[in-house]
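Biologist: Could you take a close look at one part of this model for me, and then tie it to what surrounds that part? I'd like one connected walk-through rather than a list.

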Amino acid sequence: MWLQRIDISGFKSFANASTLEFLPPTADSRGITAIVGPNGSGKSCVVDAIRWVLGEQSMKLLRGKKSEDVIFAGTPKRPRLGVAEVTLHLNNDDGGAPIDYAEVAIGRRIYRSGESEYILNGTKVRREDILILLAKARVGQRTYSIIGQGMIDEFLLASPTDRKHFFDEAAGIRPAEIKRDQAMTKLDAARLNLAQGETLLQEITPRL
Ligand code: ATP
């Protein structure tokens, strides 16, 4: 599976809708695309856009404070925008990722009101759906799929627990972990309901 294209519009410094096309892999090479520009020209905004569309929620990792900080904030010459959108196109023609799609378009949109949505191949989905699909394809937004500045150092210095996340993703057990976490949250909610039910029964039973 390879990254084919990214459409970025209204995201951080990308006030104009822009498309970045990446080289396809050939028989003897994986294809390398370099993005070159002066300091502060927005190269890292491309990486932020990739992390963000893959479901990243940590504003620290996205180099902002509030979720709206990813929307183009305006310049003296240009008013701010009300919506930011990023769509990532992944090509899986070779079936390299064990998922049922030959092409995956993952989109994320955020409005200044704070309303946010995810779109998978044109259909609105939940963030968890994107996370599970990516985990099945062994792409994670927090591990080795995106290697940012200083990350190799971080990996070498990481605690065994932190380092385990990388191996879990490579081994393909992340989908099961995500589902387990979801099941635990549901179980907690069910326990709470049960406790409320029991309290009600204790109150009502003596009056039967
Ligand atoms: P360096 O080489 O120094 O790491 P870079 O090319 O990676 O730089 P970035 O750090 O990605 O550049 O660029 C940040 C630029 O994006 C800054 O000019 C900043 O003002 C702009 N920027 C970030 N968020 C927004 C936003 N919400 N609206 C408008 N511009 C933004």
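Modeller: Let me start with a working term: a patch here is made of residues with over 30% relative accessible area and no salt bridge, with nonpolar side chains joined within 5 Å. By that rule, Tyr144, Ile147, Ile152, Leu156 and Leu157 make a nonpolar surface patch of about 550 Å². Keep in mind that this is a predicted model. Confidence across the protein chain averages a pLDDT of 90, and 99% of the residues score at least 70.

Take Ile152 from that patch. Ile152 sits in helix α3, which covers residues 151-157. Its relative accessible area is 52%, and the cut-off for exposed is over 50%, so Ile152 counts as exposed.

Now on to helix α5, residues 174-204, where you'll find Gly197. With 31 residues at 1.5 Å a residue, α5 should span 45 Å, and its end C-alpha atoms are indeed 45 Å apart, so the two figures agree. Gly197 itself is partly exposed, because its relative accessible area of 29% falls between the 20% and 50% cut-offs. Gly197 is also 55 Å from Gly42, C-alpha to C-alpha, with their positions 155 residues apart in sequence.

What is buried in α5? Pro175, Glu177 and Ile178 are its buried residues. They pack against α2 (127-136) and α4 (160-171). A word on α4: among the elements of the chain, α4 has the lowest mean pLDDT, at 81, while strand β3 (residues 83-91) has the highest, at 96.

Follow that packing over to α2. Its buried residues are Ile130, Leu131, Ile132, Leu133, Leu134 and Ala135. The cover over them includes α5, along with β4 (103-111), β5 (116-120) and β6 (123-125). After α2 comes Arg138, which has a positive phi, near 60°.

For another spot on the chain, try Leu3 in strand β1, residues 2-9. Leu3 has 25% relative accessibility, which is why it counts as partly exposed. Leaving aside neighbours within four places in sequence, Leu3 is in contact with Phe22, Ile50, Leu88, His89 and Leu90. Leu3 and Asn91 are 88 residues apart along the chain, yet their C-alpha atoms are separated by 6.3 Å.

Methods:
Residues are numbered from 1 along each chain as its sequence is written. This is a predicted model: local features need pLDDT of at least 70, side-chain atom pairs count only at pLDDT 80 or more; totals for chains, interfaces and linings use all residues. Side-chain values use heavy atoms; hydrogens and water are left out. Helices (H or I, at least four residues) and strands (E, at least two) are DSSP runs, numbered from the N terminus. Buried means under 20% relative accessible area, exposed over 50%, partly exposed in between (1.4 Å probe, protein chains only). The expected span of a helix is 1.5 Å times one less than its number of residues. Contact means heavy atoms within 4.5 Å. Patches are made of residues with over 30% relative accessible area and no salt bridge: like charges are joined within 9 Å, nonpolar side chains (Val, Leu, Ile, Met, Phe, Trp, Tyr) within 5 Å. Accessible areas come from the Shrake-Rupley method with a 1.4 Å probe; for residues, only the protein chains shown count as cover. A salt bridge is a side-chain nitrogen of Lys or Arg within 4 Å of a carboxyl oxygen of Asp or Glu. pLDDT is the predictor's confidence in each residue, from 0 to 100.
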